[in-house]
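Here is a report on one protein chain, written for someone new to reading structures. Have a look at the sequence and the 3D view, then follow along below.

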Amino acid sequence: MIFRLALRNTLRNRRRSLLTALTVVLGTMMLTVGLAWVNGIRGNIIRQAAQASGHVRVITEDFARYESMHPLDEYIPATDDLEAALREVDGVKGVYPRIQVGMLASDADTEELGENGALVVGAPISFYDEVMELTERLEDGSWFSENADDETLLGRVLAEQLDVIPGSEIILIGGDSWRTRVRVVGILDTGNGLYDKQAYLTIERARSMSEMGNGAFEI
């Protein structure tokens, strides 16, 4: 009886019934598109977070406690044995030591030193290629060469602030009298405001600059 009543009422005003059906269909379509858009944004955020920090980070307990203060003395003294052990863990696809430190950057040709703040990243070149996919974000210049320890890649924003181009040299000055001079070989445009304000060095150059030996802040 209820079904017959519903069918009769549906057919009584067919225009209104058609309008209601179209409204439901349109609303469902918009909801589907909206959910797909939100899920896509969330997935991209998770993907970029994994690109920046990996799926799992290994750090010291004291570094975790004081990380917001960017402690320079709380690092893993030697990573080689730990890296080898981590690579043996089932499911691990890659292991990369990394150093991140805030520094002041300036064009080596200017008289002013430390004009702009920058986050300097030191990691294996394979990390930049395989995890962060920076080879696909190269806007100008070239990738690291065989003399990579003397080279750096700059994010687009940092390069604009320093007014440098591929071939220019920059000076980086950090805490504990850390200082290094490197040549810009490429400019990156990642579409991420944080990445585009960073300088990327090899892990060897970052270790030499920070006097960490074979250590790193994190793996």
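This is a predicted model, so keep that in mind as you read. Let's begin on the outside. Val25, Leu26, Met29 and Met30 form a nonpolar patch on the surface, and together they have about 420 Å² of accessible area. One of them, Met30, sits in helix 2, which covers residues 14–53. Is Met30 buried or exposed? Its relative accessible area is 57%, and because the cut-off for exposed is over 50%, Met30 counts as exposed.

In general, nonpolar side chains in soluble globular proteins tend to be buried together. So where does that happen here? The largest nonpolar core holds 26 residues, and the members that touch the most others are Leu154, Ile170 and Leu172. Several elements each give two or more residues to this core, including strand 2 (116–123), helix 6 (156–162), strand 5 (169–173) and strand 6 (179–188). Strand 1 gives the most, with 4 residues.

Zoom in on Leu172 and you can see how busy this place is. Leaving aside residues up to four places away in sequence, Leu172 touches Met103, Leu104, Ala105, Val120, Trp178, Arg179, Thr180, Val182 and Leu201. There is also a second, separate core of 15 residues, and among them are Ala123, Tyr128, Val131 and Tyr195.

Helix 7 (203–210) is another element that gives two or more residues to the largest core. How much of helix 7 is covered? Mostly covered is the verdict, with 6 of its 8 residues buried. Those buried residues are Ile203, Arg205, Ala206, Arg207, Met209 and Ser210. Their cover includes helix 4, strand 1, strand 2, strand 6 and strand 7. Right after helix 7 comes Glu211, which takes a positive phi of about 55°.

Now for the charged side chains. The model has 13 salt bridges, and here are some of them:

| Pair | N to O distance |
|---|---|
| Asp62 and Arg65 | 2.5 Å |
| Glu136 and Arg137 | 3.5 Å |
| Asp189 and Arg156 | 3.5 Å |

Take the Asp62 and Arg65 pair. Both residues are in helix 3 (residues 61–66), 3 residues apart, which is about one turn of the helix. Asp62 is partly exposed at 32% relative accessibility, and Arg65 is partly exposed too, at 47%.

In the next pair, Glu136 is exposed, with a relative accessible area of 60%, while Arg137 counts as partly exposed at 22%.

The Asp189 and Arg156 pair links distant parts of the chain: Asp189 is in the loop between strand 6 and strand 7, Arg156 is in helix 6, and they are 33 residues apart. Asp189 is partly exposed at 30% relative accessible area, and Arg156 is partly exposed at 26%.

Finally, look at Arg98, in the loop between helix 4 (80–87) and strand 1. Why does Arg98 count as buried? Its relative accessibility is 7%, and because buried means under 20%, Arg98 falls in that group. The side chain of Arg98 makes a polar contact with the side chain of Glu218, at 2.7 Å. Both residues also belong to a network of salt bridges that links Arg57, Glu67, Arg98 and Glu218.

Note on methods. Residues are numbered from 1 along each chain as its sequence is written. This is a predicted model: local features need pLDDT of at least 70, side-chain atom pairs count only at pLDDT 80 or more; totals for chains, interfaces and linings use all residues. Side-chain values use heavy atoms; hydrogens and water are left out. A nonpolar core is a set of buried Ala, Val, Leu, Ile, Met, Phe, Trp, Tyr and Cys residues joined through side-chain atoms within 4.5 Å. Buried means under 20% relative accessible area, exposed over 50%, partly exposed in between (1.4 Å probe, protein chains only). Contact means heavy atoms within 4.5 Å. Patches are made of residues with over 30% relative accessible area and no salt bridge: like charges are joined within 9 Å, nonpolar side chains (Val, Leu, Ile, Met, Phe, Trp, Tyr) within 5 Å. Accessible areas come from the Shrake-Rupley method with a 1.4 Å probe; for residues, only the protein chains shown count as cover. A salt bridge is a side-chain nitrogen of Lys or Arg within 4 Å of a carboxyl oxygen of Asp or Glu. A polar contact is a pair of N or O atoms within 3.5 Å; within protein, one must be able to donate a hydrogen and the other to accept it, and residues adjacent in sequence count only if both atoms are side-chain atoms.
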